[in-house]
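Me: I should like to understand the reasons behind the terms used for a structure. Please take me through them one at a time.

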Amino acid sequence: MKINVLKPVLVSNQERAKENRKFFDRYNSLVLNIIGAPGSGKTSVIENIVKKLKSSYRILVIEGDIKGSLDSEKLMKTGIDTIQINTITECHLDAFMISQALPKINKPYDLIMVENVGNLVCPAEFDIGEDFKVAILSTPEGDDKPVKYPLLFHRARVVIINKTDLLPYVDFKIKNARKNILAKNPRTMIFEVSARNGKGFDKLINFLKKELAKKK
Ligand SMILES: Nc1nc2c(ncn2[C@@H]2O[C@H](COP(=O)(O)OP(=O)(O)OP(=O)(O)O)[C@@H](O)[C@H]2O)c(=O)[nH]1
Ligand SMILES: [Mg+2]
């Protein structure tokens, strides 16, 4: 006997995601669902974005972690608001978990960045009500990851290649990574950055400013 549980779960997740999206639309917030492997640099990339945008935009970060609040404590030090979600046993954030955080959002934010649980697989399956998914791929992981974890790279509108400062030391070719990413989705916007030295963030910030302007 076959029991298909995945579909109903995803269907009701989709309905909840629609409700979340309506909530975010009330304030015209731009919502990014940031997904990448553990340690790929999600928090470090967010910190760089916050530094560049916090003087002009109201920013909230929703942190998804299995346990603890290390990343939200780090981000709070930059002066922005954060909400921590602990998923306990789940390897991703879903629309229901995000909906539970919504009552805590009691002022308008221009930009809401959601740092998903470090994982290249499960988070890609769930719409949480975001405007788009942002995949972070760091150079020590290897340029073949878009081939091995296709769903995320198929669904992400933006891919950030992080840790470009390590390129001389790791087996990662930007050309191969770009080819592999674009094979999954030819319309993906790709940005090459180093959250360590700040290189490459200007292009990413210009792109985000345009997306923020479209929301207003
Ligand atoms: N060399 C180098 N190190 C980086 C860069 N970005 C992040 N790191 C380091 O990589 C490690 C992980 O960075 P985080 O930003 O915590 O990564 P994360 O994806 O948020 O990790 P989790 O939340 O645990 O999944 C830290 O030691 C960072 O200092 C980069 O561009 N270059
Ligand atoms: Mg983190």
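Reply: Two strands pair if DSSP finds at least two bridges between them, and a strand is a DSSP run of at least two residues. The model shown here is predicted. As an instance of facing residues, Ser-138 stands opposite Asn-162 in E6.

Me: Why are E5 and strand E6 (residues 158-162) called a pair?

Reply: The requirement is at least two bridges. E5 is joined to E6 by 5 bridges, so the two strands count as paired. They run parallel.

Me: What makes E1 and E5 a pair, and in which sense do they run?

Reply: E1 and E5 share 5 bridges where at least two are needed, and therefore they pair. The sense is parallel. Ile-35 stands opposite Ala-135 in E5.

Me: Which strands are joined to E4?

Reply: Strand E1 (residues 30-36) is joined to E4 by 5 bridges, and strand E2 (residues 59-65) is also joined to E4 by 5 bridges. Each count meets the requirement of at least two, so E4 pairs with E1 and with E2. Both pairings are parallel. Asn-33 stands opposite Val-114 in E4, while Leu-60 stands opposite Ile-112 in E4.

Me: Why is E4 called largely enclosed?

Reply: A residue is buried when its relative accessible area is under 20%. In E4, 5 of the 5 residues are buried, so the rest of the structure largely encloses this strand. Its two faces are both covered: Leu-111, Met-113 and Glu-115 lie on one side, Ile-112 and Val-114 on the other, and all are buried.

Me: How many residues of strand E5 (residues 132-138) are buried?

Reply: The count is 7 of its 7 residues, and E5 is mostly covered. On one side are Phe-132, Val-134, Ile-136 and Ser-138, and on the other are Lys-133, Ala-135 and Leu-137, all of them buried.

Me: What makes an atom a donor to the magnesium ion (ligand 2), and which residues coordinate the ion?

Reply: For this metal, a donor is an N, O or S atom within 2.8 Å. Thr-43 (OG1), Asp-71 (OD) and Glu-115 (OE) coordinate the magnesium ion at 2.0 to 2.1 Å, which is within 2.8 Å, and therefore they qualify. The spacing of the donor residues in sequence is T-x27-D-x43-E. The pair Asp-71 and Glu-115 links distant parts of the chain: Asp-71 belongs to helix H3 (residues 70-76), Glu-115 belongs to strand E4 (residues 111-115), and 44 residues separate them.

Me: Are Asp-71 and Glu-115 buried or exposed, and why?

Reply: The limit for buried is under 20%. Asp-71 has 17% relative accessibility, so it is called buried. Glu-115 has 4%, and therefore it is buried as well.

Me: Which backbone atoms make polar contacts with ligand 1?

Reply: A polar contact needs a pair of N or O atoms within 3.5 Å. A backbone N or O atom of Ser-40 is 3.2 Å from an oxygen atom of ligand 1, and for a backbone N or O atom of Gly-41 the distance is 2.9 Å. For a polar backbone atom of Ala-195 the distance to an oxygen atom of ligand 1 is 2.8 Å. Each distance is within 3.5 Å, so each of these is a polar contact. Taken alone, ligand 1 exposes 650 Å², and the protein buries 73% of that.

Me: What makes up the shell around ligand 1?

Reply: The shell has 4 nonpolar, 8 polar and 6 charged residues. Of the 18 residues around ligand 1, Lys-42, Thr-43, Ser-44, Asp-165 and Ala-195 come nearest. Helix H2 (residues 42-53) gives the most to the shell, with 3 residues.

Me: What is notable about phi in Asn-28?

Reply: Most residues other than glycine have a negative phi. Asn-28 is not a glycine, yet its phi is positive, at about 55°. It lies in the loop between helix H1 (6-26) and E1. Its relative accessible area of 33% is neither under 20% nor over 50%, so Asn-28 is called partly exposed.

Me: Why is Ile-88 called exposed?

Reply: Exposed means over 50%, and Ile-88 has 60% relative accessibility, so the term applies. Ile-88 lies in the loop between strand E3 (81-86) and helix H4 (95-101). Its phi is also positive, near 60°.

Me: Why does Phe-172 count as buried?

Reply: Its relative accessibility is 3%, which is under 20%, and therefore Phe-172 is buried. Phe-172 is found in the loop between E6 and helix H7 (174-184).

Definitions and conventions
Residues are numbered from 1 along each chain as its sequence is written. Chains are lettered from A and ligands numbered from 1 in the order in which they are written. This is a predicted model: local features need pLDDT of at least 70, side-chain atom pairs count only at pLDDT 80 or more; totals for chains, interfaces and linings use all residues. Side-chain values use heavy atoms; hydrogens and water are left out. A residue is near a molecule or strand if one of its heavy atoms lies within 4 Å of it. A polar contact is a pair of N or O atoms within 3.5 Å; within protein, one must be able to donate a hydrogen and the other to accept it, and residues adjacent in sequence count only if both atoms are side-chain atoms. Accessible areas come from the Shrake-Rupley method with a 1.4 Å probe; for residues, only the protein chains shown count as cover. Helices (H or I, at least four residues) and strands (E, at least two) are DSSP runs, numbered from the N terminus. Ala, Val, Leu, Ile, Met, Phe, Trp, Tyr, Cys and Pro count as nonpolar, Asp, Glu, Lys and Arg as charged, and the others, Gly among them, as polar. Donors are N, O and S atoms within 2.8 Å of the metal (3.2 Å for Na, K and Ca); water is not among the atoms, so sites may look incomplete. Buried means under 20% relative accessible area, exposed over 50%, partly exposed in between (1.4 Å probe, protein chains only).
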